[in-house]
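Work through these short exercises with the sequence and the 3D view side by side. Try each task before reading its solution.

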Amino acid sequence: MSHIKNNDFYEIMTGRRSIRSYDTEVKISKEEMTEILKEATTAPSSGNMQPWRFVVIESPEAKAALAPLVSFNQQQVATSSAVIAVFGDLKSIDNAETIYGKAVELGYMPQEVFERQLPALKSYYASISSDVNKHMVLIDGGLVSMQLMLVARAHGYDTNPIGGYDKQNIAESLGLDKERYLPVMLLSIGKAADAGYNSVRLPIEAVAQWK
Ligand SMILES: Cc1cc2nc3c(=O)[nH]c(=O)nc-3n(C[C@H](O)[C@H](O)[C@H](O)COP(=O)(O)O)c2cc1C
């Protein structure tokens, strides 16, 4: 069953505001959260390696453990239905066979493309520096996060992207290997309890140029 409540893309996009206060009565079922994540992960990613990893923090215990790591962002954690911690897996290449193999199985990719692409992709990942890998997973993680925020609105929820948290300790506090999982951002999600703030955007003349 689909939980989509709003399918008006323009309204979803222009109506999005960072929401920092939520209706504490509203929980998002695991079924719907799974649907939200599934829809968000239709986002594109480098080599289709899908390095995004999510931890859905929703129990009072897990939220209490998160609270000391989010400095001035307490209200989002306390009132949201969940905080989704988005990470980038620095070993995303380990899924290459699974992803490309499935594409062959489904008839999306010819076998000869698989045989050509897979070794090329593996040698590329083996050749890049740790910095390049980090940039890649952060870009992919940003794309899925943006898509998740829009998908949330389609489901009738709002979000706040959060960068103000302890990135040094978040992975370990969630039981993840900090050498492998790079923090991208936190996303609080829930039913808005206020309208948020209007915010200014620079004019396009200031941010774009034509050549
Ligand atoms: C990567 C990122 C990190 C952010 N970190 C925080 C944060 O720690 N706390 C917060 O209240 N808002 C945070 N924001 C929200 C921005 O303040 C907000 O997106 C911006 O002011 C524009 O407002 P809008 O989202 O309502 O359009 C963050 C946004 C982004 C994209």
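**Exercise 1: Around the ligand**

Task: Find which strand gives the most residues to the shell around the ligand.

Solution. Strand β3 gives the most, with 3 residues. Helices (H or I, at least four residues) and strands (E, at least two) are DSSP runs, numbered from the N terminus. This is a predicted model: local features need pLDDT of at least 70, side-chain atom pairs count only at pLDDT 80 or more, and totals for chains, interfaces and linings use all residues. Residues are numbered from 1 along each chain as its sequence is written, and side-chain values use heavy atoms, leaving out hydrogens and water.

Next, list the shell. The ligand is surrounded by 14 residues (a heavy atom within 4 Å). The closest are S18, R20, N73, G163 and R201. By class, the shell holds 3 nonpolar, 7 polar and 4 charged residues; Gly counts as polar here.

**Exercise 2: Polar contacts**

Task: What are the distances from the ligand to the side chains of R16, S18 and N73?

Solution. Look for pairs of N or O atoms within 3.5 Å. Start with R16: a side-chain N or O atom is 2.9 Å from a ligand oxygen. For S18, a polar side-chain atom lies 2.6 Å from a ligand oxygen. For N73, a side-chain N or O atom is 2.7 Å from a ligand nitrogen.

**Exercise 3: The sheet**

Task: Give the strand order, then explain why β1 and β3 each have one side without a neighbour.

Solution. The open sheet has 4 strands in the order β1-β2-β4-β3, with antiparallel pairing (at least two DSSP bridges between two strands). β1 (52-57) and β3 (158-162) stand at the edges with a single partner strand each, so one side of each lacks a neighbour in the sheet. Now check one pair. β1 and β2 (residues 82-89) pair over 6 bridges. The bridge partner of V56 in β2 is I84.

Terms used. A polar contact is a pair of N or O atoms within 3.5 Å; within protein, one must be able to donate a hydrogen and the other to accept it, and residues adjacent in sequence count only if both atoms are side-chain atoms.
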